[in-house]
Amino acid sequence: MVTNPEVCRALWDKFTVRRNVTDLWEFRDCFQKHFRNAPHFVLLEDEQGVLGLLPLSYLEEKDKYVLFPGETWNGKTWLERTPLYMRDPDILGDLLDAAPERTYLRYLECDESALIPHLELDEIGYLFHPPEIGFDMKNYFQRFVWKKLKAVKKEIEAMLAPGCSWHINCLTDYDIMVDMSLTSFGKSSYFYDSRFTEGFREVLRLLSRNGWLRMVSLEIGGKTVAVDMAAVYKGAYVVMLGGTDPEFRGVAKAMNMQHLEFACEQQLSRVDFLCGDFHWKKLWHLDPQPLYKYVSPALKAEEAAVQEISPEADYALPPSETALAAR
């Protein structure tokens, strides 16, 4: 078990495959600065060197181990698809067996052919793959029933009447997004926790400095009515957070279309709308991908005991307030 922060960073930088912007230590450190959970990296070694790496954080207030940096909201972490280093994929079971007995890992990406008894279904991630439609939105529209598509386009056209404008990377719109989220979700908003508000603000600055930020804002009648915070990294586009003015119903459809059109225009490899089984993601015919979780035997027993005492106990983790949740 490695707990020295500098050694943990060295291990992360050496062994983590950086496919997504969230795989960067610098990205995760934006949350570490504010949550300050103690890192506990599980390192498996053999005579050939490092065999596997499981990057964990210890949540003292919950007496629980989660994936680094442990940016928890209402008992659950936010970051998805945390990569686990394994020299040989077959050692996943050994790596999980080496985890502390109170470990709860979420949003693990795993090939279904490689599933092991340790893992169970968590939530569904939703992706859009522009190459599959030849980067042509006309091909994407063929996924829709014609009448439904017509209604969506009509609503967007009415929303984008003369007098509206798009703004890209207006950093001051971050606070507008926060306010809209708090107005819509109240205590259920991630931003109700100041650690998330400031952690995401650090992310905003990191993305902006490196040219990875795409913050999209829609202004109607001189008022900013929707803001989405996204990132482009290595040809992948992830829509992380969004906020909409509740007085402008349907504005989310215009935002969604903007993201999809941008991805096709830029010939990006994929768009990740994150987890959360919100109705709109199915209606927009995004590609579902199951993500998995690992719950240690000790926590499983604890969870079962709580449910036995009260079937309606608020122990189960709540649905994710991911990107565009209000929609």
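Contact here means heavy atoms within 4.5 Å, and helices (H or I, at least four residues) and strands (E, at least two) are DSSP runs, numbered from the N terminus. This is a predicted model, where local features need pLDDT of at least 70, side-chain atom pairs count only at pLDDT 80 or more, and totals for chains, interfaces and linings use all residues. Residues are numbered from 1 along each chain as its sequence is written, and side-chain values use heavy atoms, with hydrogens and water left out.

**View 1. Helix 1 and what covers its buried residues.** Helix 1 runs over residues 5-15, and Cys 8, Leu 11, Trp 12 and Phe 15 in it are buried (under 20% relative accessible area; exposed is over 50% and partly exposed is in between, with a 1.4 Å probe and protein chains only). These four sit on the same side of helix 1 because they cover an arc of only 100 degrees around the axis, the arc being that of the directions from the helix axis to the C-beta atoms. Among the parts covering them are helix 2 (25-35), strand 1 (38-46), strand 2 (49-59) and strand 6 (85-86). Look at the face turned away from the buried side and you'll meet the exposed residues Glu 6 and Lys 14.

**View 2. The N-terminal cap of helix 1.** Here Asn 4 does the capping: one of its side-chain oxygens lies 2.9 Å from the backbone nitrogen of Glu 6.

**View 3. A salt bridge between Asp 63 and Arg 102.** Side chains of opposite charge can pair when their charged atoms come close. In a salt bridge, a side-chain nitrogen of Lys or Arg is within 4 Å of a carboxyl oxygen of Asp or Glu. For Asp 63 and Arg 102, the closest N and O atoms are 3.2 Å apart. Asp 63 is in the loop between strand 2 and strand 3 (64-67), and Arg 102 is in the loop between helix 3 (92-97) and strand 7 (104-108), so this pair ties together parts that are 39 residues apart in sequence. Asp 63 is partly exposed at 34% relative accessible area, whereas Arg 102 is buried at 17%.

**View 4. Lys 300 paired with Glu 120.** The closest N and O atoms of this salt bridge are 3.4 Å apart. Lys 300 belongs to helix 10 (residues 297-309) and Glu 120 to strand 8 (residues 119-128), so parts that are 180 residues apart in sequence get tied together. Lys 300 is partly exposed, with 37% relative accessibility, and Glu 120 is partly exposed too, with 29% relative accessible area.

**View 5. Salt bridges linked into a network.** Arg 19, Arg 81, Glu 109 and Asp 272 make up this network. If you go hunting through the whole structure, the search finds 20 salt bridges.

**View 6. Cysteines without a disulfide partner.** A disulfide is a pair of cysteine sulfur atoms within 2.5 Å, and the search of the whole structure turns up zero of them. For Cys 30, the nearest cysteine sulfur is that of Cys 8, 18 Å away. Cys 30 is buried, at 4% relative accessibility. For Cys 275, the nearest cysteine sulfur belongs to Cys 110 and is 14 Å away. Cys 275 is buried as well, with a relative accessible area of 0%.

Note on methods: Polar contact = N/O pair within 3.5 Å; in protein donor to acceptor, adjacent residues only side chain to side chain.
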